[in-house]
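Please open the model in your viewer and keep the selection panel at hand. The tour below moves from one selection to the next and says what is found at each stop.

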Amino acid sequence: MGIFTKLRGMRDILPEEIDIWKKVEQTFIEISELFDFREIRVPILESKYLFEKGIGRDTDIVTKEMYEFKDKKGRDVVLRPEGTASVVRAYIENKIYEKRKIARFYYLGPMFRYDRPQKGRYRQFYQFGIECFGGKSFYFDGEAIQILNITLEKLSIGNFVFLVNSLGCKNCKFKYTEYIKGYLKKIVDKLCNDCKLRVKVNPLRVFDCKNYSCHQSIENIPSIFDFLCDECKEHFDLLANFLKKNNINFKIEHKLVRGLDYYTKTVFEVFCKNQDIAIAGGGRYDYLVKEMGGPDIPAVGFAVGLDRVVALLNQEKRQKDESIYFILLGEQAKIKGFDIMRELIENKIKVEADYEERSISEHLRIANKYGKKLCLILGENEIKKGVVVIKNMETGIQEEIKEKEIVKKLRERLK
RNA sequence: GUGAGUGUAGCUCAGCGGAUAGAGCACUGGACUGUGGCUCCAGGUGUCGGGGGUUCAAAUCCCCUCACUCACCCCA
């Protein structure tokens, strides 16, 4: 090991893994674009206050998980911990609402949270997300879930389920939270230390506690559904009906609460049973645009943890080296080899060459180790005859071919 | 931020107070000088994560530190 190592929670994504990353990203992009979502690229560095306002001042993300520092002018800046706040900012700042009734965006890129790393969790991680502004119909919620579902299916991610809940509108959410706070205060002695804190900061989070005794204590706690107004209830019922009709594997989870303050009405999460981990989360945020200084416009979106999706796919398979290994023996062959390679790349045939002086045995051993299917051999003998040898590494069969037929023959042999 | 576990060869790991620190795979050279995989032979495989301490003696025990892994909090 050298002197330098990567910072904690950071990672290198090596070429072997890149194909699968590209596939995951491309699939999300493709499906989202088919629903006419458009890419938006927002800065990685933003003002700290954007997230205090957006995510919530008391959330864990803001209080202890942001990479924050002062720039040279003393401004408080942070590496973005999530994408929604930035996209909302851009939506308002660029007055998109003047141009479009419904505005659909997708984004892609690194996010940063100063957490302790563990399985599926890094300090720099990657998210793909969509945000749809301007629609309050449940169909927009359904569309977001549908996009996620189609993409995950297309990627052959198995064994996942959508957990769905409603937090209600501003009024319902407030009433319920106050009720729960009162309820918990009465039984506070039975709760664990973490939960005692939660009662003050975010009472609904007590639902997520894994402590058995806490679980018992709140077993009979009334559900949010007893507090939903008619409109919220209808919104949720219609969405549930939509999901059923579209054969989406979902489960109503009354105790699903998400840690970002801005969510209202629909919240959901994609939970993968194989890894026992959530790979995506999202929901509706009808007041955020207004709270951040824009007009009163509802919105819904989700974010996917790409690292986690890639991890699920990575266990499955790896690809073989598809390029051709070009063996060049001697100086003359190298000179001539460049002419041939030029012709190959013009015909989109991938070729790898090693220009070091090596014996043919060594070259073949290397090609074998790399898992090459075909080798191209060019040495003095071949130059004299005006030919090149194609060797199939699986069968061992070699054939001499005329220079002019190289592209044609390689195409045939690559099939 | 809290808790647990692990750091020894390129990789996977054994050694857990005693001599010059080991195995498998990989790697390098040769048998085989323009033909890989198979076999055989010969070999480097090393700040034992770093620093300090205990001891005649430390990879081994103790303390500190760093890194990784997992769990909690929280989240993708």
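Of the 44 residues around RNA strand B, which come nearest? Bearing in mind that this is a predicted model, select Arg113, Arg121, Arg205, Arg258 and Gly259, which come nearest to the strand.

Next, select the whole surface near RNA strand B, where 21 residues are charged, twelve are polar and eleven are nonpolar. Helix α13 (360-370) and helix α14 (380-385) are among the elements that each supply at least two residues of this surface, and α13 gives the most, with six residues. On the RNA side, 50% of the strand B atoms within 4 Å of the protein belong to sugar or phosphate, and the rest belong to bases.

Now show the base nitrogens of strand B together with three residues of the protein. A side-chain N or O atom of glutamate 382 is 2.5 Å from one base nitrogen, a polar backbone atom of methionine 393 is 2.6 Å from a base nitrogen, and a backbone N or O atom of tyrosine 122 lies 3.4 Å from a base nitrogen. Stay with tyrosine 122, since the charged end of arginine 11 sits over its ring, 4.1 Å from the centre.

Then turn to the aromatic rings, which make 21 pairs in this model. Select tyrosine 67 and tyrosine 114, whose ring centres are 5.2 Å apart with planes at 75°, so the pair is edge-to-face. Tyrosine 67 lies in strand β3 and tyrosine 114 in the loop between β5 and β6, so the pair ties together parts that are 47 residues apart in sequence. Tyrosine 114 is partly exposed, with a relative accessible area of 44%, and arginine 123 lies over its face, at 3.9 Å from the ring centre.

Technical notes: Residues are numbered from 1 along each chain as its sequence is written. Chains are lettered from A and ligands numbered from 1 in the order in which they are written. This is a predicted model: local features need pLDDT of at least 70, side-chain atom pairs count only at pLDDT 80 or more; totals for chains, interfaces and linings use all residues. Side-chain values use heavy atoms; hydrogens and water are left out. A residue is near a molecule or strand if one of its heavy atoms lies within 4 Å of it. A polar contact is a pair of N or O atoms within 3.5 Å; within protein, one must be able to donate a hydrogen and the other to accept it, and residues adjacent in sequence count only if both atoms are side-chain atoms. Helices (H or I, at least four residues) and strands (E, at least two) are DSSP runs, numbered from the N terminus. Ala, Val, Leu, Ile, Met, Phe, Trp, Tyr, Cys and Pro count as nonpolar, Asp, Glu, Lys and Arg as charged, and the others, Gly among them, as polar. Rings of Phe, Tyr and Trp (its six-membered ring) pair if their centres lie within 6.5 Å; planes under 30 degrees apart count as stacked, over 60 as edge-to-face and the rest as tilted. Buried means under 20% relative accessible area, exposed over 50%, partly exposed in between (1.4 Å probe, protein chains only). A charge sits over a ring if NZ of Lys or CZ of Arg is within 6 Å of the ring centre and within 35 degrees of the ring normal.
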